[in-house]
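Reader: I am new to this structure and would like a close look at a single part of it, a loop, followed outward from there to its surroundings. Please give the cut-off behind each term as you go.

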Amino acid sequence: MLTIKNLKKNYGKRAVIKDLNLEIKAGEIYGLLGANGAGKTTTINIICNLIEADSGTIEINNKKVSQGTKKYVGVAPQENLLYKNLSCQENLKFYGRIYGLDGKKCDRRIAETLAAVNLSDRAKTPVESLSGGMKRRINIAIALIHEPKLVILDEPTTGLDIETRYEIWQLIEDLKKQGTTILLTTHLLDEAQRLCDRIGIIKEGKIIAEGSLNELRKLIPAAEIVIIKTKETEQAISRGKELGFCHRYYGNDLAFWLPEKLELRETLELFANINLESISRKDVDLEHIYLELTKNGI
Amino acid sequence: MKYWRETIAVAQRILTELWRRKRSLIFWGVFPIAILLLNGYIYGGRAGIPTAKAMEFAAPSSLVGAALFFSCLGGSVATVVSEREQQTLKRLFISPLSGVSYFLGIFVAHCFIGIGQTILVYTVAAFLGAKFDGSILLGLAIVFLSILAYVGVGFILGTQLAKRAEDVNAIVATFGVPLLILGGAFLPTSILPKNLLTIAKVNPIYHMNEALVGVWARGKEFAEIADRFWFLFIFALVTIALGWISYRSTIYIEKRL
């Protein structure tokens with residue numbers, strides 16, 4: 001659906017995208033994960049034909065990106081870019097017509113899209129009187145109005161409260177069930193972990209790792225992570241080294257990577273000589289992988 | 001078809017937004033009537049002519065010199081600035097909307113507003129006894145050229161100078177009010193000193209005003225106002241071209257944000 005090859009983009013002397021390669025298959029949710037300034041937005045802007053790449057190629061639906069491929073892409077920017085005086089229906093109608101829909105087809109798509117984002121009962125409500133979550137849903141609905149081949153959701157839950165975040169996640173999961181291809185950019189690791197089939201980690205304009213969560217898990221040699229709290233940090237680290245465990249600090253937490261999963265009792269036995277305040281076990285998740293790969297965190 | 005559909009979509013959106021702002025809509029109606037009445041009574045009183053006759057001369061000046069200026073020039077500046085502030089401009093750039101359709105959409109929306117104000121001004125003037133004998137088509141052509149010129153200038157100011165909503169009033173006042181005074185919108189140009197009259201002759205509002213007064217108040221034919229008409233025509237073309245260039249440069253700047 002989307003293929004990016006050897007993409008490069010400089011702003012003046014600063015290289016923002018350095019040889020970026022990426023492929024998104026039809027029907028999948030691909031998460032593009034990276035810190036602010038990693039090159040996510042520039043990549044999106046190039047896909048949307050807003051800015052031109054210095055070199056490389058981008059194909060959407062087997063066509064090179066141009067003014068003509070804009071109709072294949074639906075973008076929900078991270079800000080709610082809406083006409084506040086207009087109703088949900090009027091906002092959708094405006095963009096529907098801009099994307100070439102007219103008459104009954106436009107009306108049908110408005111009804112379908114409002115239903116998809118669960119706002120059918122708010123069709124005639126002015127956007128300015130909607131809650132933050134509803135505005136975000138209409139923002140996404142506009143991206144869907146013309147049935148695009150590829151939907152780009154740029155940090156769709158940034159700045160939303162947790163309940164609204166769950167609403168948006170549900171919406172994205174529903175879109176996936178309908179077979180929509182989605183490029184999701186986010187810096188929320190739990191969001192990417194929950195929603196994405198494959199994840200690409202972008203750092204300084206380059207994809208440094210890519211794959212499903214299970215594939216990414218294989219990039220760090222740990223089956224489980226044990227987090228301990230103790231005043232005897234040095235002794236704990238020494239003991240970890242004796243056992244051949246890598247150790248990391250996640251914030252103030254001292255963590256050991258265990259090459260295989262152990263029972264809690266077995267883990268406690270390993271650190272029996274250390275005066276532990278607490279011990280907990282965690283599966284390796286995207287946060288650990290991301291921190292390991294990018295080294296400097298989000 | 002694509003351009004037509006997009007143009008109508010943009011125009012309809014602007015008009016719907018205006019319709020939602022009922023207060024603004026009422027003021028856009030009150031303003032030209034107030035200017036017409038003031039102009040008419042001042043003109044009638046100073047020239048010692050009946051109110052009906054004074055209204056015939058006051059109506060064209062009030063329309064092109066005041067009503068259309070603020071609604072079409074100020075309105076198009078505000079439209080562009082509001083799109084920038086709401087960041088909807090960026091969403092439009094992402095969409096397949098062409099720049100031509102966007103400009104035409106703003107023009108068409110302001111044509112509707114301008115025609116509405118024309119009907120309003122001339123209905124009130126007619127109610128006060130004014131009669132108009134000139135060519136309706138020629139008068140409308142002048143009104144359309146005026147709207148085109150105002151929207152073009154509005155586009156330039158909106159894209160190049162007014163970055164925020166707060167800038168709009170200052171910019172419209174700075175550029176507009178001197179031009180309106182020199183154009184005869186509030187005072188007859190016959191009272192202008194010679195040097196100011198020379199300056200007024202390069203002022204498009206002066207030509208709009210004189211052309212429309214000539215046609216709709218004095219019943220002049222095209223040949224008699226041809227110079228002013230062609231001045232307006234060329235001015236409108238130049239502002240559209242400059243407006244287009246300004247829009248392109250805005251796309252370039254905004255895309256990178």
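Author: Before the loop can be placed, the elements on either side of it need a definition: helices (H or I, at least four residues) and strands (E, at least two) are DSSP runs, numbered from the N terminus. The model is a predicted one, in which local features need pLDDT of at least 70 and side-chain atom pairs count only at pLDDT 80 or more, while totals for chains, interfaces and linings use all residues. Residues are numbered from 1 along each chain as its sequence is written, and chains are lettered from A and ligands numbered from 1 in the order in which they are written.

The part to look at is the loop between strand 9 and strand 10 of chain A, where A:Glu204 has its place. Phi of A:Glu204 is near 50°, which is a positive value in a residue other than glycine. This residue has 15 other C-beta atoms within 10 Å, so A:Glu204 is partly exposed; with C-beta atoms placed from the backbone, a residue is buried if 20 or more others lie within 10 Å of its own, exposed if 12 or fewer, and partly exposed in between.

A second residue in chain A invites a look alongside it. A:Glu147, not a glycine either, has a positive phi of about 50°, and it is found in the loop between helix 4 (132-144) and strand 7 (150-154) of chain A. A:Glu147 counts as partly exposed because it has 15 C-beta neighbours inside 10 Å.

To see what surrounds the loop of A:Glu204, it helps to step back to the domains. The domain assignment of chain A gives domain 1 (2-217) and domain 2 (224-294), with bounds that come from an automatic or database assignment. The centres of these two domains of chain A, taken over C-alpha atoms, are separated by 38 Å. Where they meet, 11 residues of domain 1 of chain A are in contact with 8 residues of domain 2 of chain A, contact meaning that the C-beta atoms of two residues, placed from the backbone, lie within 7 Å. The strands that flank our loop take part here: strand 9 (198-203) and strand 10 (206-211) of chain A, along with helix 6 (189-195) and helix 7 (213-217), each supply at least two residues of the side of domain 1 that touches domain 2. By class, that side of domain 1 of chain A has 8 nonpolar, 1 polar and 2 charged residues, where Ala, Val, Leu, Ile, Met, Phe, Trp, Tyr, Cys and Pro count as nonpolar, Asp, Glu, Lys and Arg as charged, and the others, Gly among them, as polar.

Further along chain A, strand 11 (residues 224-230) and strand 13 (residues 253-258) run antiparallel and are joined by 5 bridges; two strands pair if DSSP finds at least two bridges between them. The bridge partner of A:Ile225 in strand 13 of chain A is A:Trp257, and A:Cys246 also stands opposite A:Trp257. Strand 12 (residues 246-250) of chain A pairs with strand 13 in the antiparallel sense over 5 bridges, and these two strands form a hairpin with 2 residues between them, where A:Gly251 in the turn has a positive phi of about 65°.

Towards the start of chain A lies an open sheet of 4 strands in the order 2-1-4-5, with antiparallel pairing. Strand 2 (14-24) and strand 5 (63-64) of chain A stand at its edges with a single partner strand each, so one side of each is left without a neighbour in the sheet. Strand 1 (residues 2-11) of chain A is joined by 5 bridges to strand 4 (residues 55-60), and the two run antiparallel; in this pair A:Lys5 stands opposite A:Thr57.

Chain A also has a partner, for 20 residues of chain B are in contact with 21 residues of chain A. Helix 1 (2-20) and helix 4 (88-94) of chain B each supply at least two residues of the side of chain B that touches chain A, and helix 1 gives the most, with 7 residues. The residues of that side of chain B divide into 5 nonpolar, 5 polar and 10 charged. Chain B itself has 10 helices and 0 strands, and 49% of its 257 residues count as buried.
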